[in-house]
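Q: I should like to learn how to read a structure that is new to me. May we begin with a single contact and then widen the view?

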Amino acid sequence: MIVGVGPGLGLAIARTFAEAGHPVAMLARDRARLDAHAAELARTGQDVRGYVADAADPGDLRAALHRAIAELGAPDVLVYNAGVRRRDLPLGGDDQDWAGVTAVNVLGARVAADTVLPELRDGRGSLLFTGGGYALSPSREHASLSVGKAALRAYVRVLHDHLAGTGVHATSVTVTSDIGGGEARFDPAVLARAYLDLHHQPEAEWQHELMRY
């Protein structure tokens, strides 16, 4: 289950898991883009399907996840990769717009985890979340994203602690530089492999966060 699939990291994660033998549900708002991604990944031989969902709408997100589970079966992995990156300041702007952005950056992660957790195959699996460097070094020119990534990082930490000993791995991948900005270690395909590696990580090595500097 991948919430937030665009042409960059989300698609790379979908491709990586499909090539590793996983059926993949891709959730995003753009039906045409989802269809194109599904057609591209059909060559992996896995069942890869797109589901239209708005991560800012808890009811819509839950319904899409349930549809995907009903069609593809119990999942092993949730990746929450949704987020809104834009330039904005700590003051001003529209209140409802900020609420909507915060819903995508933070609330959607909690909704997705709460929906998928009880459906995991055999009660075990991985809940993985895409974090960002603004959680560590906030930017006043990217205020909403800085607040959102900091809140997401805290949420995943408490979720990790809450799930200790249950057989479910909750961790965030904190990416501290621009994805696809030219550095090999921040290439989407390289980062996507880290998500797969986390899913296969021995339980004794589980931590709440993987840093990518």
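A: Certainly. In this predicted model, the side chain of arginine 185 reaches the backbone oxygen of tyrosine 213 at 2.5 Å.

Q: Which other side chain does arginine 185 join in a polar contact?

A: The partner is glutamate 183, and the distance between the two side chains is 2.8 Å. Leaving out residues up to four places away in sequence, arginine 185 touches Val190, Leu191 and Tyr213.

Q: Where in the chain is arginine 185 placed, and is arginine 185 buried or exposed?

A: Arginine 185 sits in the loop that runs between strand E6 (168-175) and helix H6 (188-199). A residue counts as partly exposed when its relative accessible area lies between 20% and 50%. Arginine 185 has 44%, and is therefore partly exposed.

Q: How far apart in space are arginine 185 and histidine 160?

A: Their C-alpha atoms are 26 Å apart, with the two positions 25 residues apart in sequence numbering.

Q: Let us turn to serine 126. Is serine 126 buried or exposed?

A: Buried means under 20% relative accessible area. Serine 126 has 1%, so it is buried. Its place is in strand E5, which spans residues 125-132.

Q: Which residues are in contact with serine 126, apart from its neighbours within four places in sequence?

A: They are Asp76, Val77, Leu78, His169 and His199. With histidine 199 there is also a polar contact, side chain to side chain, of 2.8 Å.

Q: How should I read a pair of helices, such as H3 and H4?

A: One looks at the distance and angle of the axes, and then at the residues that meet. The axes of H3 (residues 58-72) and H4 (residues 95-116) come within 10 Å and cross at roughly 35 degrees. The crossing is right-handed. Among the residues making the contact are Leu61 and Leu65 of H3, and Val111 and Ala112 of H4. By class, the contact has seven nonpolar, three polar and three charged residues.

Q: What pattern does the whole chain follow along the sequence?

A: The pattern is β-α-β-α-β-α-β-α-β-α-β-α-β, and the chain holds six helices and seven strands.

Q: Why may the overall form be described as agreeing with a compact globule?

A: The radius of gyration is 16 Å, and a compact globule of 213 residues would have a value near 17 Å, so the two agree. The C-alpha atoms fill a box of roughly 45 × 40 × 35 Å along the principal axes. Buried residues account for 48% of the 213 residues. Of the contacts between residues at least 6 apart in sequence, 70% join residues at least 24 apart.

Conventions. Residues are numbered from 1 along each chain as its sequence is written. This is a predicted model: local features need pLDDT of at least 70, side-chain atom pairs count only at pLDDT 80 or more; totals for chains, interfaces and linings use all residues. Side-chain values use heavy atoms; hydrogens and water are left out. Helices (H or I, at least four residues) and strands (E, at least two) are DSSP runs, numbered from the N terminus. Buried means under 20% relative accessible area, exposed over 50%, partly exposed in between (1.4 Å probe, protein chains only). A polar contact is a pair of N or O atoms within 3.5 Å; within protein, one must be able to donate a hydrogen and the other to accept it, and residues adjacent in sequence count only if both atoms are side-chain atoms. Contact means heavy atoms within 4.5 Å. Axes are lines fitted to C-alpha atoms, for helices over the stretch in contact, and angles run from 0 to 180 degrees between N-to-C directions. A crossing is left-handed if the near helix is turned anticlockwise from the far one by less than a right angle, and right-handed if clockwise. Ala, Val, Leu, Ile, Met, Phe, Trp, Tyr, Cys and Pro count as nonpolar, Asp, Glu, Lys and Arg as charged, and the others, Gly among them, as polar. The radius of gyration is taken over C-alpha atoms; the globule rule is 2.2 Å times the number of residues to the power 0.38.
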